[in-house]
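User: Hey, I've got this model open and I'm a bit lost. Can you walk me through it?
Analyst: Sure, let's have a look together.
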Amino acid sequence: MFTHEDLSKMQAQSLKMQSWIRQQTFSPEMEKTLRRFSSWEVAELIFRVNQSTLRGRLSADPSLPQGHVEEDGRQRWYSLEEINELRRRIKINRKSLLPKRPAGKRALRVAISNFKGGAGKSTVALHFAHAAALDGYRVLCVDFDPQATLSHSMGLSDVTEDYTVWGIMARDLVRETERMNAVTQGAESGTALPQRQLPDAITGMGLQDLRVSDFVKPTSWPTIDIIPSCANAAFVEFASAQYRHLNPEWSFFAAVSRYLDQLPAEDYDLMIFDCPPAIGYQSMNAVFAADMLYIPSGPGYWEYDSTTSFIGQLSEALEDLSAFNGVVPAGTFALPKVFQDVRFLLTRYESGNDLHRAMRSAFMKVFEGRMTEHPIEMTRAVEQSGRFLSSIYEIDYRDMTRETWRRARASFDQAYDEFKAYALEAWENLEDEA
């Protein structure tokens, strides 16, 4: 017989092992640190210019960052801060190395979502965030999944639920209820409408007093921040049901969207959401806040079946939420929900596998122009990056054969380049900031 006490003991034992694993994975200080990048990587893979061209520019201007030379080699190694300084100060053939960003637009928000666990949502979110950072973009990740894989991969493990999406939603409930009560007090008829009451158990938490910046945490990447998650945030589904009962007019699905609207527009270029493998309060907040929906799927039949169920249930959920149209103040958000783009991406793909090729053809036929051209291939390097909570961009190519590393990187580079092209088009279509 097992009770909650037995489960608690199992968790305590697991946490001890988790600490040991983190020591093997991260630095001895149990903090994730970002490696330096070789001049070869900077030239060919990041700036995509000839190595000799970059060396010539560095030689001609000693004030540019010159990198660090290790004791046992001649290769120069650059931090991401140094890479970004080079990006700002160097032009190649009179062309800027800075990434494209549509003028007058807020950050683009992308939700990476699907029903199926193991579809590669966290892997895609992690790699796209890192690829975008290397591309020169400022990125905010939002981890909606209580499994917190993205948060752990970004080096965050000591997170309390107050500073997760649950905290944002509870904060929004109190603030929205206060706003509604203020409106009813000032009704044009002069008649005070019923007040919505929240219990002290909610208002007494003080979440409504937290600043917008309190939820945002830095990562080992200087241009990537994250709103993390943790296992305790799993009870958001139960709590949110209670919150809706306390205030039925609270537009719970727009809580995160309202929060993101409060962030300074100049802080980020791209926001990437990692969603849980279910349709619930957290995932609906993610897809509602998103401008673009990216749906990863494995190449098997069951993944195809799950993806079909996901888009069907998501469609029904978004249709139900349209009933809130007219209930909330005009101008806060639009109903029905509109995405600038929806794309499907195959993950864990093996080009030599007959089933995978057949399923890819099925995906292409069913979703027609919505299917991305470049799947993410399953390679030994990809498997290794998952085991060590790192992206292929964080792994030093000297830790394996360069060809193995480069093949894995090429797969993610192609997927990211395609994502970037779709993202820029969607970004252009956003309304200009007021």
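Analyst: One term before we start: a charge sits over a ring if NZ of Lys or CZ of Arg is within 6 Å of the ring centre and within 35 degrees of the ring normal. By that rule, Arg360 lies over the face of Tyr349, at 5.7 Å from the ring centre. Keep in mind that this is a predicted model.

User: OK. What about Arg343, which ring does its charged end sit over?
Analyst: That would be the ring of Tyr422, with the charged end of Arg343 3.7 Å from the ring centre.

User: Let's zoom out. How many helices and strands does the chain have?
Analyst: There are 15 helices and 12 strands. The chain has 434 residues, and 51% of them are buried.

User: And what's the accessible surface?
Analyst: About 21,100 Å², with carbon and sulfur atoms making up 50% of it.

User: How much of the contact is between residues far along the chain?
Analyst: Take the contacts with a separation of 6 or more: 79% of them are between residues 24 or more positions apart.

User: Now the sheets. What's the strand order in the one with 7 strands?
Analyst: The order is 8-9-7-10-6-11-12, and this open sheet has mixed pairing. At the edges sit strand 8 (217-218) and strand 12 (341-346), each pairing on one side only.

User: How do strand 7 and strand 10 run, parallel or antiparallel?
Analyst: Parallel, with 5 bridges joining strand 7 (residues 139-143) to strand 10 (residues 270-274). For one of the partners, look at Leu140, whose bridge partner in strand 10 is Met271.

User: Which helices lie on that sheet?
Analyst: Helix 5 (residues 121-134) is one of them: it lies across strands including strand 6 (108-112), strand 7 and strand 10, and runs at about 165° to strand 10. Helix 11 (residues 281-289) also packs on the sheet, where it touches strand 6, strand 10 and strand 11, at about 140° to the direction of strand 6.

User: Is helix 11 mostly covered or mostly open?
Analyst: Mostly covered, with 9 of its 9 residues buried. Among them are Tyr281, Met284 and Phe288. Tyr281 and Phe288 also belong to an aromatic cluster with Tyr243, Trp250, Phe252 and Phe253.

User: What about strand 11, how many of its residues are buried?
Analyst: 6 of its 6. Met292, Tyr294 and Pro296 point one way, while Leu293, Ile295 and Ser297 point the other way. Strand 11 pairs with strand 6 in the parallel sense over 3 bridges, and there Ala111 has Leu293 as its bridge partner. Strand 11 also runs parallel to strand 12, joined by 6 bridges, with Pro296 opposite Leu345.

User: Switching topic: how many aromatic pairs are there?
Analyst: The structure holds 24. Take Tyr137 and Trp427: the ring centres are 6.0 Å apart and the planes are at 50°, so the pair is tilted.

User: Why does that pair tie together parts distant in sequence?
Analyst: Tyr137 is in the loop between helix 5 and strand 7 and Trp427 is in helix 15 (residues 402-428), so the pair ties together parts that are 290 residues apart in sequence. Both Tyr137 and Trp427 are buried.

User: Got an edge-to-face one too?
Analyst: Try Tyr304 and Phe363, which form an edge-to-face pair at 5.4 Å centre to centre, with 90° between the planes. This pair links helix 12 (residues 301-321), home of Tyr304, to helix 13 (residues 354-367), home of Phe363, and the two residues are 59 residues apart. Tyr304 and Phe363 are buried as well.

User: What about the sheet with 3 strands?
Analyst: That open sheet has the order 1-3-2 and antiparallel pairing. Its edge strands are strand 1 (37-38) and strand 2 (68-69). Strand 2 and strand 3 (residues 76-78) share 2 bridges, and Val69 has Arg76 as its bridge partner in strand 3. Helix 4 (residues 80-89) packs on the sheet, touching strand 1 and strand 3, at about 90° to the direction of strand 3.

User: Last one: Ser39, buried or exposed?
Analyst: Buried, because its relative accessibility is 17% and the cut-off for buried is under 20%. Ser39 is in helix 2 (residues 39-47). Leaving aside neighbours within four places in sequence, Ser39 is in contact with Leu54, Gln75, Arg76 and Tyr78.

Technical notes
Residues are numbered from 1 along each chain as its sequence is written. This is a predicted model: local features need pLDDT of at least 70, side-chain atom pairs count only at pLDDT 80 or more; totals for chains, interfaces and linings use all residues. Side-chain values use heavy atoms; hydrogens and water are left out. Helices (H or I, at least four residues) and strands (E, at least two) are DSSP runs, numbered from the N terminus. Buried means under 20% relative accessible area, exposed over 50%, partly exposed in between (1.4 Å probe, protein chains only). Contact means heavy atoms within 4.5 Å. Two strands pair if DSSP finds at least two bridges between them. Axes are lines fitted to C-alpha atoms, for helices over the stretch in contact, and angles run from 0 to 180 degrees between N-to-C directions. Accessible areas come from the Shrake-Rupley method with a 1.4 Å probe; for residues, only the protein chains shown count as cover. Rings of Phe, Tyr and Trp (its six-membered ring) pair if their centres lie within 6.5 Å; planes under 30 degrees apart count as stacked, over 60 as edge-to-face and the rest as tilted.
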